[in-house]
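Here is a short briefing on one protein model. It covers a helix packed on a sheet, the sheet itself and two pockets.

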Amino acid sequence: MGAVGAGAGAHDLVKVMGTSTCDILMVDPDELGERTIEGICGQVLGSAMPELVALEAGQSAFGDLYAWYKRVLLWPLQQLAEQQPELQAALQDLDQQIIPMLSEHCQQQHANSPVAVDWHNGRRTPFANQRLTGNISGLNLGSTAPMIFHSLVEATAHGAKAIMDCFVNQQVPVKRVIAIGGIAKKSPLVMQTCADVMDCELLVMDSEQCCALGAAIFAAVAAEVYPDTASAQQAMASAVHLSYQPNPERVAFYRERHQAYRQLGDCVEGLCAKQGDE
């Protein structure tokens, strides 16, 4: 319903970005024919728009990856605050400020910056494998907390590109990428990195309740206020809040970094498979 509330139609990739992501790409059934798209989570006629096939995918950890890193950084301070209760207020304030602080101090990555894979909670798409684990490579004594945070943000963007590539490589074009959910309006750093890594415009919807809006659209059609879902979307769907455009210089940089992400992913997958056999 979130995709409907966001005003999505055929070949719009909608990413619901929160603790994880839920990705929906709708396609005319005549375009797919008898094909089954490999490596995704579901392929269901009418599960989003009645006349379209919804191709379902997602990332097992998105915002959860940033939250994990925050917990790692805060752990020693939490232990100290247990011994010194007067520090609890400062700790709570830092808990709210640490992600914005890391985002503010992130510098542009360079070729030797740490590279991470975003599989800390397994991989949902492409080709689900919940036994996979996350990894950060390229650390040295000069690696800072903001650099590592940026590598995690970059990893989630590479994971988003891997999903889009999974569709495109199977001859299912993506014409627009639409972002909804909690992170879409909260983090310009994450949104711009996604636009650069995916090399496409990324539209952030204004409504923070696109799922409820989608339900209202279906209710309006059921009540015969509008003749069909597409007509109701034109009148009721969310407006665009913000558009992120890919930076050409960063696109070229991240294209090379995506190869490093894939190579690291291959190593992690091979290691996880070997550990599973032991």
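In this predicted model, helix H5 (residues 145-168) lies across four strands: E1 (12-17), E2 (21-27), E4 (53-59) and E7. Helix H5 runs at about 155 degrees to E4. H5 also helps to line the second largest pocket, where it supplies at least two residues.

**Sheet**

- The sheet is open and has seven strands.
- Their order is E3-E4-E2-E1-E7-E8-E9, and the pairing is mixed.
- Strand E3 (42-45) and strand E9 (240-244) stand at the edges.
- Each of these two has a single partner strand, so one side of each is left without a neighbour in the sheet.
- From one strand to the next, the twist averages 25 degrees.

**Pairing of E7 and E8**

- Strand E7 covers residues 176-180, and strand E8 covers residues 202-205.
- The two run parallel and are joined by three bridges.
- Ile178 stands opposite Leu203 in E8.

**Largest pocket**

- The largest pocket holds about 460 Å³ of space.
- It is lined by 17 residues.
- Closest to the centre of this pocket are Tyr66, Ile99, Ile183, Lys186 and Ser187.
- Four helices give two or more residues each to the lining: H3 (63-83), H4 (88-105), H6 (182-186) and H7 (188-198).
- H4 contributes the largest share, five residues.
- By residue type, the lining of the largest pocket has eight nonpolar, six polar and three charged residues.

**Second largest pocket**

- The volume of the second largest pocket is about 360 Å³.
- Its lining consists of 22 residues.
- Trp119, Arg123, Pro126, Ala162 and Arg262 are the closest to the centre of the second largest pocket.
- Both H5 and helix H10 (248-277) supply at least two residues of this lining.
- H10 gives the most, with six residues.
- The lining of the second largest pocket divides into seven nonpolar, nine polar and six charged residues.

**Points to check in the viewer**

- Which strands stand at the edges of the sheet? They are E3 and E9.
- Which helix gives the most to the lining of the second largest pocket? That helix is H10.
- Which element provides the largest share of the lining of the largest pocket? That share comes from H4.

Methods
Residues numbered from 1 in each chain as written. Predicted model: local features only at pLDDT ≥ 70, side-chain atom pairs only at ≥ 80, totals over all residues. Heavy atoms only, no water. Pairing = 2+ DSSP bridges. Axes fitted to C-alpha atoms, helices over the stretch in contact; angles between N-to-C directions. Contact = heavy atoms within 4.5 Å. 1 Å grid on protein atoms, 1.4 Å probe; cavity = no way out; pocket = protein on both sides within 12 Å on 5 of 7 lines; lining within 4 Å. Points joined across faces, edges and corners; volume = space filled by probe spheres on them. Nonpolar A, V, L, I, M, F, W, Y, C, P; charged D, E, K, R; others polar.
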